[in-house]
Amino acid sequence: MDIWLIGTGDSIQIRPASIHGMLWLQTHFEDAHWEALASSQVRLPQLDAEALSQDAKNAGMSLGHLSALSVPGRF
């Protein structure tokens, strides 16, 4: 997997999962955003994430999609 797209409410979190994914993302975001990308702090609106996802697929990136994550409480 190169890039994970994780649903977080009304936005999509972008999480690079390989060096290829990170390098590809760096070609789509300004230098100022690279640290946020590397630490999975970037979230995009749904439509922008869909466009980015399609572009990544066309470039041969392997994408994973997850719904919002939840962590069960302790019992």
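Gln13 is buried, with a relative accessible area of 7%, and this report starts from that residue and works outwards through a model that is predicted. Gln13 lies in strand β2. Its side chain reaches the backbone oxygen of Ser40 at 2.6 Å. Leaving aside neighbours within four places in sequence, Gln13 is in contact with Trp4, Leu5, Ile6, Thr8, Ser40, Val42 and Arg43.

**The partner residue, Ser40**

Ser40 sits in the loop between α2 (34-38) and β3. Ser40 counts as buried because its relative accessible area is 14%, and buried means under 20%. When residues up to four places away in sequence are not counted, Ser40 touches Gln13, Ile14, Arg15 and Pro16. With one of these, Pro16, the comparison of sequence and space can be given in numbers: the two residues are 24 residues apart in sequence and 7.1 Å apart in space, C-alpha to C-alpha.

A second residue in a loop can be set beside Ser40. Ala59 is found in the loop between α3 and β4, and Ala59 is partly exposed, with a relative accessible area of 44%. Ala59 and Trp24 are 35 residues apart in sequence, and their C-alpha atoms are 8.7 Å apart in space. The table lists the relative accessible areas of the three residues discussed up to this point.

| Residue | Relative accessible area | Class |
|---|---|---|
| Gln13 | 7% | buried |
| Ser40 | 14% | buried |
| Ala59 | 44% | partly exposed |

**The sheet**

The strand that holds Gln13, β2, belongs to an open sheet of 4 strands, which has the order β3-β2-β1-β4 and mixed pairing. The edge strands are β3 (42-45) and β4 (63-66), each of which pairs on one side only. On average, and with direction ignored, neighbouring strands of this sheet are turned by 30 degrees against each other.

In general, the strands of a sheet pair through backbone hydrogen bonds, and the pairing is either parallel or antiparallel. In this sheet, strand β1 (residues 3-8) and strand β2 (residues 11-16) pair in the antiparallel sense over 6 bridges, and Trp4 has Arg15 in β2 as its bridge partner. The two strands β1 and β2 form a hairpin with 2 residues between them, and Gly9, which is in the turn, has a positive phi of about 80 degrees. Strands β1 and β4, by contrast, pair in the parallel sense over 4 bridges, and Leu5 stands opposite His65 in β4.

**The helices and the chain as a whole**

How are the strands and helices arranged along the sequence? Read in that direction, the protein chain follows the pattern β-β-α-α-β-α-β, with 3 helices and 4 strands in total. Helix α1 (residues 19-26) packs on the sheet, where it touches β1 and β2, and the direction of α1 makes about 120 degrees with that of β2. Helix α3 (residues 46-58) lies across β1, β2, β3 and β4, and runs at about 105 degrees to β3.

Which residues touch the most other members of the largest nonpolar core? This core has 16 residues, and those with the most contacts to other members are Ile3, Ile14 and Leu25. The elements that give two or more residues to the core are β1, β2, α1, β3 and α3. Ile3 can serve as an example of the surroundings of a core residue: apart from neighbours within four places in sequence, Ile3 is in contact with Ile14, Arg15, Pro16, Ala17, Gly21, Trp24, Leu25, Met61, Ser62, Leu63 and Gly64.

Some totals complete the description. Buried residues make up 35% of the 75 residues in the protein chain. Of the contacts in the protein chain with a separation of 6 or more, 53% are accounted for by residues 24 or more positions apart. The accessible surface of the protein chain comes to about 5,000 Å², and 54% of that surface belongs to carbon and sulfur atoms.

Note on methods
Residues are numbered from 1 along each chain as its sequence is written. This is a predicted model: local features need pLDDT of at least 70, side-chain atom pairs count only at pLDDT 80 or more; totals for chains, interfaces and linings use all residues. Side-chain values use heavy atoms; hydrogens and water are left out. Two strands pair if DSSP finds at least two bridges between them. Axes are lines fitted to C-alpha atoms, for helices over the stretch in contact, and angles run from 0 to 180 degrees between N-to-C directions. Contact means heavy atoms within 4.5 Å. Buried means under 20% relative accessible area, exposed over 50%, partly exposed in between (1.4 Å probe, protein chains only). A polar contact is a pair of N or O atoms within 3.5 Å; within protein, one must be able to donate a hydrogen and the other to accept it, and residues adjacent in sequence count only if both atoms are side-chain atoms. Accessible areas come from the Shrake-Rupley method with a 1.4 Å probe; for residues, only the protein chains shown count as cover. A nonpolar core is a set of buried Ala, Val, Leu, Ile, Met, Phe, Trp, Tyr and Cys residues joined through side-chain atoms within 4.5 Å.
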